[in-house]
Amino acid sequence: MAKPIKPVSLLSPDTTRHKSSNSNKPAEVGLTSPAKAVPLSTGTNGSGAKHRILSWSLAVLLLALLLTPKPELIVYQQLNIQAKSVYWPGFFGMGAGLTDSQMLVFFDNERREMRLCYAGEPAVQCSKYQIIYRGGLLDVGRYLLDLH
């Protein structure tokens, strides 16, 4: 009922003959077959190129993060009325302003003051505010999450 299992060897007698003849000539195999060495070198060059591309990509990403303007949370007051707003410095000074206002923003860091001026008026009309607190990127995130 059960079939008898035949013992099978992993190496047939033909492969052992070829293996013994190849082991006698290791220097000739390396010289006569340069194609075998090419995949090894392209495999290492490919991984080196991937590492180079990855490192350049990370360097460009880090440089972009350093150069992009970061928003600030500004808490300011006038006549004991406090307000919070997010200030976006803009790219190279263009587009700078508060996110909830179309007015122009001017800072005086020595006096800790902020002036908001109307842009479209022929006569300059500005309002002066005292800056209580200037927060960074994490404060902006907390402020925006509290709004929603």
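Let's start at Asn 80, which counts as exposed because its relative accessibility is 71%. Keep in mind as we go that this is a predicted model. Asn 80 sits in the loop that links strand 1 to strand 2, and its backbone does something worth a look: phi is positive, about 60°, although the residue is not a glycine. As background, most residues other than glycine have a negative phi. Right beside it in the loop between strand 1 (72–78) and strand 2 (81–88) is Leu 79. Leu 79 also has a positive phi, about 55°, and is not a glycine either. With 77% relative accessibility, Leu 79 counts as exposed too.

From that loop, turn to helix 3, which spans residues 37–67 and holds Leu 65. Leu 65 belongs to a nonpolar patch on the surface, together with Leu 54, Leu 58 and Leu 61. Between them, these leucines offer about 400 Å² of accessible area.

Now for the loop between strand 3 (97–98) and strand 4 (104–108), where you'll find Thr 99. Thr 99 is exposed, at a relative accessible area of 55%. What does Thr 99 touch, once its neighbours within four places in sequence are left aside? The answer is Ser 85 and Val 86. Trp 88 is worth checking as well: 11 residues separate Thr 99 from Trp 88 in sequence, and their C-alpha atoms are 6.9 Å apart.

Next come the charged pairs. Side chains of opposite charge can pair when their charged atoms come close. How many salt bridges does the structure hold? There are three. One of them links Glu 72 to Arg 134, with the closest N and O atoms 3.0 Å apart. Glu 72 is in strand 1 and Arg 134 is in strand 6 (residues 126–135), so this pair ties together parts of the chain that lie 62 residues apart in sequence. Arg 134 is partly exposed, with 30% relative accessible area.

Another salt bridge is found in helix 4, where the side chains of Asp 139 and Arg 142 meet at 3.0 Å, N to O. Here the two partners are three residues apart in helix 4 (residues 137–147), so about one helical turn separates them. Are the two ends of this pair buried or exposed? Asp 139 is buried, because its relative accessible area is 14%, under the 20% cut-off. Arg 142, in contrast, counts as exposed at 51%.

The salt bridge between Arg 111 and Asp 108 has its closest N and O atoms 3.7 Å apart. Arg 111 is exposed at 53% relative accessibility, while Asp 108 counts as partly exposed at 25%. Asp 108 also leads us into the sheet, since its bridge partner in strand 5 is Glu 113.

So let's follow the strands from there. Strand 4 and strand 5 run antiparallel and pair over five bridges. They make a hairpin with four residues between them. In that turn, Arg 112 has a positive phi of about 55°, which brings back the backbone theme from the loop between strand 1 and strand 2.

On to strand 5 itself (residues 113–117): four of its five residues are buried, so the strand is largely enclosed by the rest of the structure. Strand 5 also pairs with strand 6, again in the antiparallel sense and over five bridges. Within that pairing, Leu 116 stands opposite Ser 127 of strand 6. As a reminder when you look at the side chains, in a regular strand they alternate between the two faces of the sheet.

The last stop is a covalent link. The count of disulfides comes to one, and it joins Cys 117 to Cys 126, with the sulfur atoms 1.9 Å apart. Which hand does the link have? The angle about the S-S bond is 105°, and the link of Cys 117 and Cys 126 is right-handed. The two cysteines differ in exposure: Cys 117 counts as buried, at 5% relative accessibility, whereas Cys 126 is partly exposed, at 36%.

Key:
Residues numbered from 1 in each chain as written. Predicted model: local features only at pLDDT ≥ 70, side-chain atom pairs only at ≥ 80, totals over all residues. Heavy atoms only, no water. Patch = residues over 30% accessible without salt bridge, like charges linked within 9 Å, V, L, I, M, F, W, Y side chains within 5 Å. Areas by Shrake-Rupley, 256 points an atom, 1.4 Å probe, with all protein chains shown as cover. Salt bridge = Lys/Arg side-chain N within 4 Å of Asp/Glu carboxyl O. Helix = DSSP H or I, 4+ residues; strand = E, 2+ residues; numbered from the N terminus. Buried < 20%, exposed > 50% of the residue type's maximum accessible area, 1.4 Å probe, protein only. Contact = heavy atoms within 4.5 Å. Disulfide = S-S within 2.5 Å. Pairing = 2+ DSSP bridges.
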